[in-house]
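Student: I have a protein model to read and I am not sure how to begin. Could you take me through its features one at a time?

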Amino acid sequence: MSEPFYITTAISYPNGRPHIGHAYEAIAADAIARFYRLSGRDVRLITGTDEHGLKMVQTAREAGKTTIELADEMSSYFKDMCQLLNIRHDGFRRTSEAAHHEASKALWKAMEANGDLYLDRYEGWYSVRDEAFYAEDELETGEGDEKLSPQGTPVEWTAEETWFFKLSEYQDKLLKLYEDHPEFIEPESRRNEVMRFVEGGLRDLSVSRTSFDWGVPVPGSPGHVMYVWVDALTTYMTGVGYPDTQGMFAKYWPADLHLIGKDIVRFHAVYWPAFLMSAGLPLPKQVFGHGFLLNRGEKMSKSVGNVVDPMALAERFGVDQLRYFLLADVVFGKDGTYSADAIVTKTNADLANNFGNLAQRSLSMIAKNCEGKVPPPGEPTEAEKQLLSQLDTCFSDVKAAVTGGLFKIDQALDIIRERLSATNTYFADQAPWALRKTDPARADSVLYHTAEAIRQLAIMLRWVMPESCDRMLDLLAQSPDARDFEHLVTPIEAGLELPAPIGIFPRLELLTEEAGS
């Protein structure tokens, strides 16, 4: 049995259509999941939508819809995004589902049984947009002395009867968790932020609301619904069958990785482990807070008018081109920026000019000079030995970058890109078109080893660009069941008949209106 690997995205709040940040997170999670699948792991990837909370109620009211109508509509857009972007998830969970309600109630009862819930009255600042409570000393002052959350969102004074969770009693336990398991929160900058927050003292957390009824009802407490983050976080366990702690849950829990945006690290690295400690359940192994995507260096905002539909970007530039750009151009864990000209420049350089051109030239020569069959390798020279040796090293370095706990995705792709460039250099230096006139057998050997390098590099890139790399492997007549990482060591077979070569990565052109926009 292969070793399980359980990864989740954040459960997206669907009070609006998905934006490029949602797409980036889904693509990154899918790429990591695919890497582990290609490595032979038993992977489960869960995503979904977090549909409860006051913000959904208000948005639905403004739209003249019931809340469930809005949730159904908006959740469908997130499902469509996953399908279009080739996100191979193993489950799309919605917090409005009956099974999820049961999971949330089970967690609540476990925390209650541990004596960590009590009824009192809450008075304090609440951000509807963040669905988060903030202490007075956390607030910032905006224009006209408006009080704002640390995220810059408006807050309002809230007073109501509520259930509280004894978060204050978990301060020392959480600090010990961070000290004993520094890998629990990555990158390090996020861990430091969380530790400073917890060291500053934790207040008990309001975990129910009575001002609206759209949510999971609190067991045995009529009129109360759970604070949206209690049931949102529980989705990660719903995705593996909780409250049934046998079967899938026993196999996949605790989660290996919660991949989330940096703005919600507190909920995942403070509240979530405290809830699980209270319920006597194992903690996830890691919370990774990735950065934001900025449109030409500016944070996306509806008021500024720079919010971009990720589906439109994928249709404009290509799904795999978009996936590659976001993963290769953004330092994983830090903020990144994107623009039409950056996407065109990066993908043309790395994919069309580097990878695509190499494949097109070499495979066209095989079609023309070798009757469309993989030529024999001949006796390898030092150039071929170095080429193959460096491909072995390339994969070792890529694996270390992706699986080292820091998920250095951009570094892994830099390593592959450098090897693509080196293969292009090998092909140009050996000049099989010239060798064809003086030493046909040597020309065949160069073409063989170039095809073998392309095969390995396509397999190494499948986790990032699955559709394009599979098309590349089709051109090399590789069986669909011979494309995992374990097959890197099985060289392409001489004499294999290849289909007619076609271009995989067409050059992109920047439209006039996109230049500098």
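**Disulfides and burial**

Tutor: A search of the whole structure finds zero disulfides, a disulfide being a pair of cysteine sulfur atoms within 2.5 Å. This is a predicted model, in which local features need pLDDT of at least 70 and side-chain atom pairs count only at pLDDT 80 or more, while totals for chains, interfaces and linings use all residues. Residues are numbered from 1 along each chain as its sequence is written, and side-chain values use heavy atoms, with hydrogens and water left out.

Student: What is a disulfide in general, and how far is the sulfur of cysteine 469 from the closest cysteine sulfur?

Tutor: A disulfide is a covalent bond between the sulfur atoms of two cysteines. For cysteine 469, the closest cysteine sulfur belongs to cysteine 394 and lies 13 Å away, which is too far for a bond.

Student: Is cysteine 469 buried or exposed?

Tutor: Buried means under 20% relative accessible area, exposed means over 50%, and partly exposed lies in between, using a 1.4 Å probe and protein chains only. Cysteine 469 has 0% relative accessibility and so counts as buried, and cysteine 370, with a relative accessible area of 12%, is buried as well. Of the 517 residues of the protein, 57% count as buried.

Student: How many of the contacts join residues at least 24 apart in sequence?

Tutor: A contact means heavy atoms within 4.5 Å. Among contacts between residues at least 6 apart in sequence, 77% join residues at least 24 apart.
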